[in-house]
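Colleague: I'm new to this one and would like to learn how to read it. Could you walk me through it, feature by feature?

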Amino acid sequence: MLMKKNVSYKVALFGMLGALALTLSYLESLLPTAAFLPPGAKPGFSNVVNMFAAGAMGFLPAISIAVLKACFAGVTRGVTAFFMSLCGGLLSTCGMFILFHKAKKVGYVGIGVISAVLHNAGQLLVASVLVGNRSVLGYMPILLLSALVTGFLTGSLLKAVMPQLLKVLPAAVRGEKKTTSVHNGKGK
């Protein structure tokens, strides 16, 4: 019975995280681009959900949320948005999972910044394929700067909420045998 209850809890939690990621993504699309960000860039608050899933639930839930977000982008903004979101989301989610589980000293803010850089790199890769040349790579310095800002924001937000979320998330869902912190949480 405990196993069935645990599976039900994981499915319900994944559903709530997926809904939260889509809601944040939609609400972000309504915001005008901030003056300090490049045209079309958004803060990436829905990526906080991916970071939480990568750190607390594991690789498969985090990747699934990234794919769900890409499908949502495809339905609401078209095929180009789908591929940009998919490539950026997969690359950044893989990076954040590795950082959470292999590089314990990076901290939430560091994970946020590196994930934002990887997300932008994935999107630039798709853009260069779509355009057919590497001219879009000239956009990289601007995107790196915006990744520093947005990654700092999302990492700081995760740093603020992660300790509280880990208190209410059962250890069994986190894949742990006893209740311990998933990450040191020291933002660098």
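**Reading the model, step by step**

Modeller: Let's warm up with a single cysteine: Cys71 has a relative accessibility of 38%, so it counts as partly exposed. Keep in mind that this is a predicted model.

Colleague: And where does Cys94 fall on that scale?

Modeller: Cys94 is partly exposed too, because its relative accessible area is 29%, and the band runs between 20% and 50%.

Colleague: How many disulfides does a search of the whole structure find?

Modeller: Zero, when the whole structure is searched.

Colleague: Okay, let's zoom out. How many helices and strands are there in the chain?

Modeller: Six helices and zero strands. Reading from the N terminus, you get α-α-α-α-α-α. The chain has 188 residues, and 43% of them are buried. Look at the contacts as well: of those between residues at least 6 apart in sequence, 71% link residues at least 24 apart.

Colleague: Why is helix 2 described as largely enclosed by the rest of the structure?

Modeller: You count its buried residues. For helix 2, residues 47-56, the score is 10 of 10, so the rest of the structure largely encloses it. Among those buried residues are Val48, Met51, Phe52 and Gly55. Just after helix 2 comes Gly58, with a positive phi near 120 degrees.

Colleague: How do I read a core, then?

Modeller: Start from the general idea: in soluble globular proteins, nonpolar side chains tend to be buried together. Here the largest nonpolar core has 23 residues, and those with the most contacts inside it are Leu17, Met51, Phe52, Phe100, Ile111, Leu158 and Met162. Helices 1, 2, 3, 4, 5 and 6 each give this core at least two residues. Helix 2 provides the largest share, with seven.

Colleague: Which residues is Phe52 in contact with, leaving aside its neighbours within four places in sequence?

Modeller: Phe52 touches Leu17, Met57, Leu158, Met162, Leu165 and Leu169.

Colleague: Is Asn50 buried or exposed?

Modeller: Asn50 is buried, because its relative accessible area is 2%, and the limit for buried is under 20%. This asparagine lies in helix 2. Setting aside neighbours within four places in sequence, Asn50 contacts Ala62, Ile65, Ala66, Lys69, Thr93 and Met96. Take Ile65: Asn50 and Ile65 are 15 residues apart along the chain, with 6.5 Å between their C-alpha atoms.

Colleague: What about a pair of helices? At what angle do helix 4 and helix 5 pack?

Modeller: At about 145 degrees, with the axes 7 Å apart. Helix 4 covers residues 79-102 and helix 5 covers residues 107-131. The crossing of helix 4 past helix 5 is right-handed. As for what sits in that contact between helix 4 and helix 5, the residues split into 16 nonpolar, 10 polar and no charged.

Colleague: One last stop. Where is Arg134 placed?

Modeller: In the loop between helix 5 and helix 6. Arg134 is exposed, because its relative accessible area is 69%, and exposed begins over 50%. You can place Arg134 against Leu124 as well: the two are 10 residues apart in sequence, and their C-alpha atoms lie 9.1 Å apart in space.

Colleague: Thanks! I'll go back to the picture and trace those residues myself.

Notes
Residues are numbered from 1 along each chain as its sequence is written. This is a predicted model: local features need pLDDT of at least 70, side-chain atom pairs count only at pLDDT 80 or more; totals for chains, interfaces and linings use all residues. Side-chain values use heavy atoms; hydrogens and water are left out. Axes are lines fitted to C-alpha atoms, for helices over the stretch in contact, and angles run from 0 to 180 degrees between N-to-C directions. Helices (H or I, at least four residues) and strands (E, at least two) are DSSP runs, numbered from the N terminus. A crossing is left-handed if the near helix is turned anticlockwise from the far one by less than a right angle, and right-handed if clockwise. Ala, Val, Leu, Ile, Met, Phe, Trp, Tyr, Cys and Pro count as nonpolar, Asp, Glu, Lys and Arg as charged, and the others, Gly among them, as polar. Buried means under 20% relative accessible area, exposed over 50%, partly exposed in between (1.4 Å probe, protein chains only). A nonpolar core is a set of buried Ala, Val, Leu, Ile, Met, Phe, Trp, Tyr and Cys residues joined through side-chain atoms within 4.5 Å. Contact means heavy atoms within 4.5 Å. A disulfide is a pair of cysteine sulfur atoms within 2.5 Å.
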